[in-house]
Structures are given as C-alpha cells and as structure tokens.
There are 2 protein chains.
Amino acid sequence: MTAAIALDVGTFAALGEPNRLRMVELLRGGPRAVGEMAEALGIRQPQVSKHLKVLGEAGLVSVEAVARRRIYRLEPAPFAAMAHWVDSFEALWSQRLDAMGDVLASLDDA
Amino acid sequence: MTAAIALDVGTFAALGEPNRLRMVELLRGGPRAVGEMAEALGIRQPQVSKHLKVLGEAGLVSVEAVARRRIYRLEPAPFAAMAHWVDSFEALWSQRLDAMGDVLASLDDA
DNA sequence: GTCAAATATTCCTTGAGGAGAATATGTGCC
DNA sequence: GGCACATATTCTCCTCAAGGAATATTTGAC
C-alpha cells in the first residue's frame, strides 16, 4: 500500500508567486543553471537565487553543483503529490462534464 | 480540440494559505454555508467571509443564496485546469518511477 | 596565490495580506 | 415596520515577503 504523499500548503504557496511559477515552467524544459534562468526570465540573479531557495525549501527543486555552476532541476515528488490531490477532486467535475458533453456535442453538430 | 484551460497563478496563491486550503478541503465534502464553515474550522465568521472572497475572486468557489444563508461550493474549472497542468509534468517522474519501481519491488521481496 | 566567473547572502525599504474588533448590509419573521 | 439571524465590509495593527543594491562566498583558470 503506497502511503499517499501528503500535500503541503507550502507547495501552493511556493507556486503562488508569479516569478517562481515562471521558473518552474522554465525548469519543466530541463535542468538549468542560475544564470541561464536569470537571463531567460529577465530577473536579476539575486532574486533568482532567493526564489530558488524558497522552491528548494518547498522541496520543488534540487541542486547539483557542476564546476562553478549550480544546476537546478524539478523534484518529482511534490508534483506527484499535487497530481494525486487534484485528481481526488475529479468527482467534482465529472458529473458536470456529462452535461458539458452534450453542449460540446451540439457544438460539433453545428 | 479542447482549448486547454489556462492555469492562473492566482489559483496557487489562493490555495497557498493554510485556512483557505482547509476551507477547500471542507468544501470537498459538499457545499456549505458560511457559518457552518466557521464552526467546523474554528475560524471567526468575518475571516471566513474574507477568505471566501479571495477564493471567489480566484474562481475556486461560487455562491448561491438560500434564504438568508449563502451556500458556497467548489467550482470545477480551476481544479480541472490544475489537473491538466500538473499532469503535463508526468514525464518528470515517469522515468524515475521506473527506477523507483525496482526499489519498491526489492522492498516487496523483503 | 591571484583574478574572474557564478552564485548566495545581507540589509534596507516598501507593499501586500492576514487577524481582530466593530459595524454595515441584507433577509426572513412576526 | 421592527427585530433577529446570517453574512459582508471596514479599519487598524502587525507580520512577512519581494525587489533593489551591495557584498560575501565558492570555485575554476592561470
């Protein structure tokens, strides 16, 4: 029995800041060094480091030192936890999607 | 082709507050009036109303007036958007889960 | 060891947001 | 119309977090 990974509020709090969400979207394309992210996002390096610290404390990213650069990558666990959590809300929209299906069908007919 | 519902940072920001997350978890069990939520969570009514306002502005809840009470319920759309978004990260952990599968298998053996 | 590149940390200022208390608004009841 | 219940709004205080600028730290190159 896989103990469901607990979802932390901190995950949402960390992602609830625009620049941090952008950073996560960027890291979605693969690991990056701090400087690359700063340039790609048009944010000053210190801010990037600070946001990475927050993301790290939330467990969303991990670091690997390569030469004098630090490569950050997304950490799967919190995302898996989020997926599990939000999927448990599926009952919320599944019934409504039935009704919405009719609407979409009628649109397809047009 | 279903136009993917855009995920808003505000969704995370709204859920990134402990009491608001608790309120969402509570509403997960069905629609509730303000007073019920206040009592169930041990939060004063004005705070509940304020948090509901934030949740409403983020599109996470909707209201229905019944007599002199206001029934709040979860709104499916943002949760569906979150589910879609977080699922797009699946590639992140799917490979690692292969490796993790071996670990889990070895644990099962023990 | 010295210098330069890459990143982290500190200090400061400012603004946003949450809690508490009081009050306003709305709505049904008689 | 007046009253009581349910909810929303306002105000104040306070804490925290984000951005900017400067600086410290680490590490590689020579």
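In this predicted model, a polar side-chain atom of Gln47(B) sits 2.9 Å from a base nitrogen of DNA strand C, a polar contact in the sense of N or O atoms paired within 3.5 Å. The backbone gets its share too: phosphate oxygens of strand C lie 2.9 Å from a side-chain N or O atom of Asn19(B) and 2.9 Å from one of His51(B). Of the strand C atoms within 4 Å of the protein, 60% are sugar or phosphate, and bases make up the rest.

Twenty residues surround strand C, and Gln45(A), Ser49(A), Tyr72(A), Arg20(B) and Lys50(B) come nearest; to count as near, a residue needs a heavy atom within 4 Å. By class, that surface splits into eight charged (Asp, Glu, Lys, Arg), six nonpolar (Ala, Val, Leu, Ile, Met, Phe, Trp, Tyr, Cys, Pro) and six polar residues (the others, Gly among them).

As for the two protein chains, a 180 degree rotation with 0.0 Å of shift along its axis puts chain A on chain B at an RMSD of 0.0 Å, fitted by least squares on C-alpha atoms with pLDDT of at least 70 in both copies. That is how a two-fold axis relates copies. In chain A, Phe12(A) comes closest to the axis, with its C-alpha at 2.4 Å. Trp85(B) touches residues of both chains, including Leu15(A), Phe79(A), Met82(A) and Leu7(B), where contact means heavy atoms within 4.5 Å.

Residues are numbered from 1 along each chain as written, while chains are lettered from A and ligands numbered from 1 in written order. Local features need pLDDT of at least 70 and side-chain atom pairs 80 or more, whereas totals for chains, interfaces and linings use all residues; side-chain values use heavy atoms, without hydrogens or water.

How values were computed
Polar contact = N/O pair within 3.5 Å; in protein donor to acceptor, adjacent residues only side chain to side chain. Lists of a residue's contacts leave out its neighbours within four places in sequence.
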